[in-house]
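This briefing summarises the fold, the packing and selected local features of one protein chain. Please consult the sequence and the coordinates shown below alongside the text.

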Amino acid sequence: MHFTINGTAIDVEADIRTSLLDLMRNSLGFTGTKKGCDQGACGACTVLVDGERINSCLALAVQYQGRSITTVEGLADNGNLNALQKAFIEHDGFQCGYCTPGQLCSAIGMAGEIERNIPSVVTSDLSADSIPVTDTEIRERMSGNLCRCGAYNGIVEAISETLAQQTAAPIEERARA
């Protein structure tokens, strides 16, 4: 199987029944992505595939051959944390940190959904040109990612601040964030 993970081309042989999560953690050493419930209910295993968030515990690795996968290890740029990672630290968006990789990947995927104007169940105006990023909107979109420590307020604050900064920044700066 061939993958591009965090910008690096990787060829690996694996059983076709192997989940993407198990392949990344057990065969390729990407241990930032966590196994929580192994049933798609907690979001600890969330990664980005071609910029969209998925639960890697429910995905067969063979389905994602040739696709671009980003794990939490791929979010930083040469060891420098991105804006969202910095905001999680600043706003205490984690306690034990177990769910944090999935929360980060999910938040980045969520930002892409908002940028593409994809509504959620709480989006009030489906015909609007843009979706207002309220705390309610963020909480709904992040509801598939559980935090057993209860750091939700810090998570929402970090995401809200980061999205506000990205919206205010010129497009070329957003690409570097």
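A residue is called buried when its relative accessible area is under 20%, exposed when that area is over 50%, and partly exposed in between. By that cut-off, helix 1, residues 20-27, has Leu-20, Leu-21, Leu-23 and Met-24 as its buried residues. The model is predicted, and its chain contains six helices and five strands.

**Overall architecture**

- Read from the N terminus, the elements follow the order β-β-α-β-β-β-α-α-α-α-α.
- A compact globule of 177 residues would have a radius of gyration near 16 Å, and the chain agrees with this because its own value is 16 Å.
- The C-alpha trace spans about 45 × 35 × 35 Å along the principal axes of the chain.
- Of the 177 residues in the chain, 41% are buried.
- Among contacts in the chain with a separation of 6 or more, 56% join residues that are 24 or more positions apart.

**Helix 1 and its surroundings**

- The cover over the buried residues of helix 1 includes strand 1 (2-5), strand 3 (46-49), strand 4 (52-55) and strand 5 (68-70).
- Gly-29, just after helix 1, adopts a positive phi of about 80 degrees.
- Thr-18 belongs to the loop between strand 2 (8-11) and helix 1.
- Thr-18 has a relative accessible area of 19% and is therefore buried, the cut-off being under 20%.
- Beyond its neighbours within four places in sequence, Thr-18 contacts Leu-23, Ala-59, Leu-60 and Ala-61; of these partners, Leu-23 is itself one of the buried residues of helix 1.
- Thr-18 and Ala-111 lie 93 residues apart in sequence, and their C-alpha atoms are 29 Å apart in space.

**Nonpolar cores**

- The largest nonpolar core has 23 residues, of which Phe-88, Met-110 and Ile-159 touch the most other members.
- Helix 2 (83-90), helix 3 (100-115) and helix 5 (152-168) each contribute at least two residues to this core.
- Helix 3 makes the greatest contribution to this core, namely six residues.
- A second core, separate from the largest, comprises 16 residues, among them Ile-5, Phe-30, Ala-59 and Ala-61.
- Two residues of that second core, Ala-59 and Ala-61, are also among the contacts of Thr-18.
- With residues up to four places away in sequence set aside, Phe-88 touches Gly-93, Phe-94, Thr-100, Gln-103, Leu-104, Ile-155, Ala-158 and Ile-159.

**A buried serine in helix 3**

- Ser-106 is part of helix 3.
- The relative accessibility of Ser-106 is 1%, so this residue counts as buried.
- Contacts of Ser-106, apart from residues up to four places away in sequence, are with Thr-46, Arg-53, Met-142 and Asn-145.

**The loop between helix 3 and helix 4, and the cavity**

- Val-122 is located in the loop between helix 3 and helix 4 (135-141).
- Val-122 is classed as partly exposed because its relative accessible area is 33%.
- The partners of Val-122, not counting residues up to four places away in sequence, are Thr-136, Glu-137 and Glu-140.
- Although Val-122 and Glu-137 are 15 residues apart along the chain, a distance of 6.3 Å separates their C-alpha atoms.
- One cavity of 30 Å³ or more is present in the structure.
- The largest cavity holds about 40 Å³ of space.
- Its lining consists of Asn-117, Pro-119, Thr-123, Asp-125, Leu-126, Ala-128 and Ile-131.
- By class, the lining of the largest cavity comprises four nonpolar residues, two polar residues and one charged residue.

**Positive phi outside glycine**

- Most residues other than glycine have a negative phi.
- Asn-78, which is not a glycine, nevertheless has a positive phi of about 50 degrees.
- The position of Asn-78 is in the loop between strand 5 and helix 2.
- With a relative accessible area of 74%, Asn-78 is therefore exposed.
- Asp-92 likewise is a residue other than glycine with a positive phi, near 50 degrees.
- The loop between helix 2 and helix 3 contains Asp-92.
- Asp-92 counts as exposed because its relative accessibility is 57%.

Notes:
Residues are numbered from 1 along each chain as its sequence is written. This is a predicted model: local features need pLDDT of at least 70, side-chain atom pairs count only at pLDDT 80 or more; totals for chains, interfaces and linings use all residues. Side-chain values use heavy atoms; hydrogens and water are left out. On a 1 Å grid over the protein atoms alone, a cavity is a set of points where a 1.4 Å probe fits but cannot get out, and a pocket is an open set with protein on both sides within 12 Å along at least five of seven lines; lining residues have an atom within 4 Å of a point. Grid points are joined across faces, edges and corners, and a volume is the space filled by probe spheres set on the points. Ala, Val, Leu, Ile, Met, Phe, Trp, Tyr, Cys and Pro count as nonpolar, Asp, Glu, Lys and Arg as charged, and the others, Gly among them, as polar. A nonpolar core is a set of buried Ala, Val, Leu, Ile, Met, Phe, Trp, Tyr and Cys residues joined through side-chain atoms within 4.5 Å. Buried means under 20% relative accessible area, exposed over 50%, partly exposed in between (1.4 Å probe, protein chains only). Helices (H or I, at least four residues) and strands (E, at least two) are DSSP runs, numbered from the N terminus. Contact means heavy atoms within 4.5 Å. The radius of gyration is taken over C-alpha atoms; the globule rule is 2.2 Å times the number of residues to the power 0.38.
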